[in-house]
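Me: I'd like a close look at one part of this model, taken slowly and residue by residue. Could you walk me through it?

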Amino acid sequence: MTGLKQIIHIYYKEMGKLTELKPFSSLIDTLQNEPSISIDIVKQCLYNIDNQQNLNAFVRTYDEEALATAAQVTHKLHQQKAGKLAGMVVGIKDLLCYQDHPVQASSKILEGFVSQFSATCVQRLVDEDAIIIGHQNCDEFGMGSSNENSAFGPVRNAIDTTRVPGGSSGGSAVAVQADMCHVALGTDTGGSVRQPAAFCGIIGLKPTYSRISRHGMIAYASSFDTIGIFAKDIRDCATVLEVVAGADTFDSTVSKQPVPHYSDYLTFGKKAKIAYLKETLAYTGLQDEIRLHTTATMDALKQAGHQVEAIDFPLLEYVLPTYYVLTTAEASANLARLDGVRYGYRSPSAHTIEELYTKTRSEGFGQEVQRRILLGAFVLGANHYEDCYIKAKKIRRLIKDKLQAILSDYDFILLPTTPSTAFKIGFNAHDPLAMYWADVYTTLASVAGLPAISIPNGTDHQNLPIGLQIIANSFEETHLLGFANYIMQLPKKI
Ligand code: GLN
């Protein structure tokens, strides 16, 4: 045990147990009156991380640095010069660059790589005095739905350690679930924030595509990649969104729309018009208890005077194939630069330039990433470009238009986040298609670039969390967060 770890252990010895982390939003006054508690909070997080190493949520922690930042934050609070996130402890997925810190996308191929700059979202957190506690485990390059595809080994769900936390941002979800940090930044290309949030019983927000700059996020599928937020507390989630969102000169695709003060709008006063897609509830792979909890919430909404209506959405069966054709195509292009020439891992046994490429990529990338690169090269190849790639792009447009039409008439679309609750580690490991179906409900908002949130919505008979997903129109995060907060407090009969 290092000196630092020992100090933290002595500090918490009397408690002899893991300690519950209070939401950041509830600590703001206390922090103003007693600034040094920011140091205690960091110690508490480090203690919780250290005592739950079996969960494998972090790939690197920045213990001493986080404590040093907490000391600076204390000083700034005393002087009343602190930023709006002073004292908030944040973890970041291992796909987000943090200047002078390693980042690996949980892959062997980026071994030894150190970021020369911080992702815009990370920099904005730091500028507001958040305390970055470490990089979190994930599926390699964000490809996976269970966090089993990591060079650092699988992450375990804190509710049942024989089960997956979901993926790809599994480490980030578990870190929030198990009180290792207040908030975590993940990335959501096809569900990687919402699905693990559902499996872990917390809140996971994927904002509108382009709401948050992607600068400094290691790319998977650039026309889908979105930075997302995990929290237990909706106000913490809203506060972080208003800090990280908005225009950025480093990302030409990011929206210049003004960023609302989301945390001021967490109530929902009006009567909502809500659609649900018949096909989502009719899907035979949907676990009965999830169907039951989803309909119970809809019934409670009706009881409370909201309008809930069924809509036909026959395109649902095309969503997942469209997503996997387009994302593998984009991934194969994005990952082409990882070849052992410029940075990261280089195969030690290569003798020719061709061997340098092939051996580095075969040894450096895991199996799932290789599968995606091959699939992507296939759909982009001259023989399949028209009937796979171009066709998928056209279907993406149809799906977007149809959802847009629904959302011009309705305020929200409600659907389950996942077809099942958290499955056992190894359960889908040898069946990539079964694993891909775990994303059937989350890829919908991703294909259309719409904002979506997963909120806790009861548990199944094994006490495993169930997630409910709410989709809103583009840039309607204010309503989305307000309505999510409203539903979480709505009494339900089940
Ligand atoms: N599970 C999906 C995939 O593997 C989503 C991943 C993500 O959102 N990064 O592509």
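How many residues surround the ligand, and which are the closest? Please carry on from there into the annotated active site and whatever sits next along the chain.

Reply: Sure. Keep in mind that this is a predicted model. The ligand is surrounded by 15 residues, and the closest are Thr189, Gly190, Ser192, Tyr220 and Tyr323.

Let's do the ligand's polar partners next. Two of its pairings go through nitrogen: a ligand nitrogen atom sits 2.8 Å from a polar backbone atom of Gly142, and a backbone N or O atom of Gly144 is 2.9 Å from a nitrogen atom of the ligand. On the oxygen side, a polar backbone atom of Gly191 lies 3.3 Å from an oxygen atom of the ligand. As for cover, the ligand taken alone exposes 290 Å², and the protein buries 100% of that.

Now the active site. The "active site" annotation comes from an unreviewed UniProt entry and covers Lys93, Ser168 and Ser192. These residues are spread over 100 residues of sequence, yet they cluster in space, with 10.9 Å as the largest C-alpha distance. Ser168 and Ser192 are also included in the lining of the largest cavity.

Take Ser192 first, since it was among the closest residues to the ligand. You'll find Ser192 in the loop that runs between β4 (183-188) and α7 (194-200). Its relative accessibility is 7%, so Ser192 counts as buried. Beyond its sequence neighbours within four places, Ser192 is in contact with Lys93, Gly142, Gly144, Gly167, Ser168, Ser169, Thr187 and Phe230. Gly142 and Gly144 are in that list, and they came up above through their backbone atoms, Gly142 at 2.8 Å from a ligand nitrogen and Gly144 at 2.9 Å. The side chain of Ser192 also makes a polar contact of 2.7 Å with the side chain of Ser168.

That takes us to Ser168, in the loop between β3 (131-136) and α6 (170-177). Ser168 has 1% relative accessibility and therefore counts as buried. Leaving out residues up to four places away in sequence, Ser168 touches Lys93, Asn137, Cys138, Asp139, Gly142, Met143, Gly144, Asn147 and Ser192. From the side chain of Ser168 there is a polar contact to the side chain of Lys93, at 2.8 Å. Put end to end, the side chain of Ser192 pairs with that of Ser168, and the side chain of Ser168 pairs with that of Lys93.

What comes next along the chain? Helix α7 (194-200) sits on the other side of the Ser192 loop, and Arg194 is found in that helix. With a relative accessible area of 0%, Arg194 is buried. Its contacts outside the four-place window include Asp188, Gly204, Lys206, Thr417, Thr442 and Gln469. With Gln469 there is a side-chain polar contact too, at 2.8 Å. Arg194 and Gly228 are 34 residues apart along the chain, with 8.5 Å between their C-alpha atoms.

Gln195 is in α7 as well. At 0% relative accessibility, Gln195 counts as buried because the cut-off is under 20%. Gln195 touches Ser145, Gly166, Gly167, Thr417, Thr418, Ala438 and Thr442, not counting residues up to four places away. Thr417 and Thr442 are contacts of Arg194 and of Gln195, while Gly167 is a contact of Ser192 and of Gln195.

For the wider setting, UniProt (again an unreviewed entry) places "domain: Amidase" at residues 40-481. That span is 38% helix and 14% strand, and its end C-alpha atoms lie 30 Å apart.

Notes. Residues are numbered from 1 along each chain as its sequence is written. This is a predicted model: local features need pLDDT of at least 70, side-chain atom pairs count only at pLDDT 80 or more; totals for chains, interfaces and linings use all residues. Side-chain values use heavy atoms; hydrogens and water are left out. UniProt positions are given in the numbering used here, feature names are shortened, and annotations may be inferred rather than shown by experiment. On a 1 Å grid over the protein atoms alone, a cavity is a set of points where a 1.4 Å probe fits but cannot get out, and a pocket is an open set with protein on both sides within 12 Å along at least five of seven lines; lining residues have an atom within 4 Å of a point. Helices (H or I, at least four residues) and strands (E, at least two) are DSSP runs, numbered from the N terminus. Buried means under 20% relative accessible area, exposed over 50%, partly exposed in between (1.4 Å probe, protein chains only). Contact means heavy atoms within 4.5 Å. A polar contact is a pair of N or O atoms within 3.5 Å; within protein, one must be able to donate a hydrogen and the other to accept it, and residues adjacent in sequence count only if both atoms are side-chain atoms. A residue is near a molecule or strand if one of its heavy atoms lies within 4 Å of it. Accessible areas come from the Shrake-Rupley method with a 1.4 Å probe; for residues, only the protein chains shown count as cover.
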